[in-house]
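User: I've got a protein model open and I'd like to go through it with you. Can we do it as questions and answers?

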Amino acid sequence: MCGVAGVWQPRTAESPLADRPVCLALNALRHRGPDGEGLYRQPHVVLGMRRLSVIDLEGGQQPIYNEDRSVAVVFNGEIYNYRELAAGLRARHHHFRTTSDTEVLVHLYEERGVELVHELRGMFAFALHDARTHRLLLARDRFGKKPLYYMRAASGGWLFASELKALRVLARACGEELTLNEQAVYDYLSLGVVPQPSTIYRGVYALPPGSWASIGEDGHEVRTYWNLEYLPKDRASYARAQARVRDLVAEAVRLRLRSDVPLGVFLSGGVDSAVVAYEAARVLGAELETFTVAVDDPQFDESPVARRTARHLGVRHRVLPLEVSSLDGLQRLVRHYDQPFADASAIPSLEIARLAREHVTVVLNGDGGDEAFGGYRRYVAARRAAPFELLPGWAVGAAARVLGRGAGRRSARGFGARFARGLGQPPGARYLTWTNDLLQEADKRSLWRRAPGLPTEDRIESLLDPRLPPLDRQLDADVRLNLLSDLLVKMDIATMAHSLEARSPLLDHRVAEYAARLPGGYRVRGATPKAVLRDAYRGRLPDEVVRGAKRGFEIPVERWLREDLRPLLHDTLGAPDARVRGWLDPAFVDALLARRVMADRHWSAVVYALLTLELWLREHDA
């Protein structure tokens with residue numbers, strides 16, 4: 001696990017590149033790789049990396065080369081099937097100097113060129129230089145678990161880095177100026193994140209997941225090499241599907257237990273992390289160490305369930321006391337996350353990563369289980385929506401208003417209100433209502449003070465494949481939006497801020513490909529989300545886990561905004577010179593703080609999103 005950065009320019013450039021800009025960028029990535037640094041230098045390309053040693057601690061220093069040193073690579077991530085790949089390459093007479101997973105990349109490139117990505121099973125972002133053709137290859141894993149940002153320089157060269165904070169440093173050192181992307185702010189107000197491949201800066205992009213970029217003297221191209229396909233459906237019996245799910249998850253976990261450093265599992269009270277812990281315990285037995293956090297609020301505390309699950313599995317278990325200061329946590333979030341980021345669970349995620357790093361270097365988690373197997377209530381809504389759409393609009397609207405009065409967002413009434421409100425909306429607006437309930441296009445049209453932005457809902461609708469059944473359509477959009485730009489970003493930044501590597505077996509592409517092809521009724525059976533995964537492990541895990549309702553890893557945001565953060569709210573959003581007042585109607589901001597608007601919606605989420613935007617704009621003097 002590492003951080004990478006680099007610069008490429010055409011050979012026709014007047015002067016060769018200096019090392020200094022890349023070295024400065026690597027300093028900004030030290031948290032991702034505290035164990036070492038490496039540079040690859042050619043007159044017109046410099047590649048750099050910071051290393052967190054996980055595999056082949058002594059021999060795996062980067063950059064790594066092929067036999068004649070004509071191909072070099074810097075790499076962030078893990079190739080879980082590297083042993084199998086290396087064995088095949090050795091049989092085909094490739095010579096290896098290390099036992100690291102990184103080295104398979106240069107030898108696979110010798111055989112398959114850019115098509116090498118199809119052989120890789122893992123999470124990765126890498127930069128590979130072919131000195132014979134002076135071609136730079138950038139590539140990213142299928143789901144986008146590992147980040148990679150890039151931009152074109154005014155000189156005609158290209159810059160890239162694992163994090164935007166490093167790319168900012170690199171761009172500045174190369175004489176490039178970054179400016180804010182107003183469309184990104186416009187989209188953020190609806191999504192709570194900046195949707196990839198856009199970033200908060202104009203002309204700076206995230207390499208899309210499942211894609212590679214080839215940059216050479218003859219130009220550049222970006223191509224997609226993988227998409228998650230939902231059709232045609234697998235018609236295996238439900239019992240056979242359960243067995244196949246167990247086999248695929250077991251293999252995915254086994255591969256992710258390969259490590260030369262201490263390893264553990266994040267164990268919550270939910271079924272996803274319990275499944276991962278179960279399969280890890282089958283391999284490691286009592287040697288496995290699991291971690292959960294304890295919080296004072298019983299509404300959010302999952303440690304009692306996690307403790308009983310660990311006892312059931314017979315593994316070592318640590319309960320880490322989670323004490324998060326609202327103000328300190330918010331400041332750390334703004335500092336570590338390089339773009340406005342309104343997912344409040346990033347605050348406890350940063351803290352649990354810090355606590356876990358005191359004991360291990362690698363953790364497995366249950367991320368992706370909801371998106372692969374249908375774990376959110378909105379998937380139940382998608383399955384059940386069709387009959388309700390026949391109701392007259394006035395009836396749907398009345399139901400939404402009645403259910404929404406005084407209902408908590410996570411309560412059954414609150415969910416019912418959002419379900420009803422979404423029924424009367426176009427597909428893009430419905431997605432927002434069922435997912436996060438921030439500002440929608442109708443809100444922003446009257447509030448936005450800059451040049452009109454392109455409708456965020458149009459962007460969402462472009463992702464909603466009309467050929468797919470409603471459940472698959474919702475799942476697919478979540479993979480492309482919520483998972484990619486929120487959940488995976490949250491986990492990567494939170495863990496790497498503390499030099500901790502996080503692995504997600506349920507996002508193994510073979511697991512996800514199989515789950516995507518299952519009939520909708522296997523994933524959502526009646527009102528039971530994630531049914532096939534639950535039933536696959538029924539009798540293997542405690543019943544309270546298999547049957548338990550989903551809980552989010554949350555903090556009491558609304559209470560914080562009413563109490564702890566109230567002075568900060570009024571000193572920032574309430575101030576006449578608040579940055580957000582240059583983007584949104586100031587009267588709306590005042591009315592929001594006074595709870596005169598959005599009271600029937602997710603008020604705390606909207607306020608929190610504006611507060612984090614304001615703090616980010618101030619932090620970056622934007």
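User: Which residues of α17 do Pro427, Gly428, Ala429, Tyr431 and Leu432 in α15 meet?
Analyst: This is a predicted model, where local features need pLDDT of at least 70, side-chain atom pairs count only at pLDDT 80 or more, and totals for chains, interfaces and linings use all residues. Residues are numbered from 1 along each chain as its sequence is written, and side-chain values use heavy atoms, with hydrogens and water left out. Contact means heavy atoms within 4.5 Å, and helices (H or I, at least four residues) and strands (E, at least two) are DSSP runs numbered from the N terminus. On that basis, the α15 residues meet Glu457, Ile460 and Glu461.

User: How do the axes of α15 and α17 cross: roughly parallel or roughly perpendicular?
Analyst: Axes are lines fitted to C-alpha atoms, for helices over the stretch in contact, and angles run from 0 to 180 degrees between N-to-C directions. Here the axes of α15 (residues 427-435) and α17 (residues 456-463) come within 7 Å and cross at roughly 95°. Under 35 degrees counts as roughly parallel, over 145 as roughly antiparallel, 65 to 115 as roughly perpendicular and the rest as oblique. So α15 and α17 are roughly perpendicular.

User: Where do the buried residues of helix α8 sit around the axis?
Analyst: Buried means under 20% relative accessible area, exposed over 50%, and partly exposed in between (1.4 Å probe, protein chains only). In α8 (residues 303-313), the buried ones are Ser303, Val305, Ala306, Thr309, Ala310 and Leu313. The arc, taken from the directions from the helix axis to the C-beta atoms, is only 155° for them, so they sit on the same side of α8.

User: What do those buried residues of α8 pack against?
Analyst: There are two helices and two strands to look for, judging by their labels. The partners are α7 (271-284), β14 (289-294), β15 (316-321) and α22 (543-546).

User: Let's zoom in on α7. Which residues does alanine 281 contact, leaving aside its neighbours within four places in sequence?
Analyst: Alanine 281 is in helix α7, and its relative accessible area of 12% makes it buried. Its C-alpha atom is 6.8 Å from that of leucine 313, although the two are 32 residues apart along the chain. Its contacts are Leu288, Leu313 and Val315.

User: Is glutamate 289 buried or exposed?
Analyst: Glutamate 289 lies in strand β14. Not counting residues up to four places away in sequence, it touches Gly264, Val265, Arg316, Arg318 and Val360. With 9% relative accessibility, glutamate 289 counts as buried.

User: How many disulfides are there in the whole structure?
Analyst: A disulfide is a pair of cysteine sulfur atoms within 2.5 Å. For cysteine 23, the nearest cysteine sulfur is that of cysteine 174, 12 Å away. Searching the whole structure gives a count of zero.

User: Which peptide bond is cis with omega near 10°?
Analyst: Most peptide bonds are trans, so a cis one is worth a look. One cis bond joins glutamine 62 and proline 63, with omega about 5°. The bond you want involves proline 197, in the loop between α5 (182-191) and β10 (204-206). It runs from glutamine 196 to proline 197.

User: What is phi of aspartate 437?
Analyst: Aspartate 437 is in the loop between α15 and α16 (441-447), and at 1% relative accessibility it counts as buried. Its phi is positive, in a residue other than glycine, and the value is near 60°.
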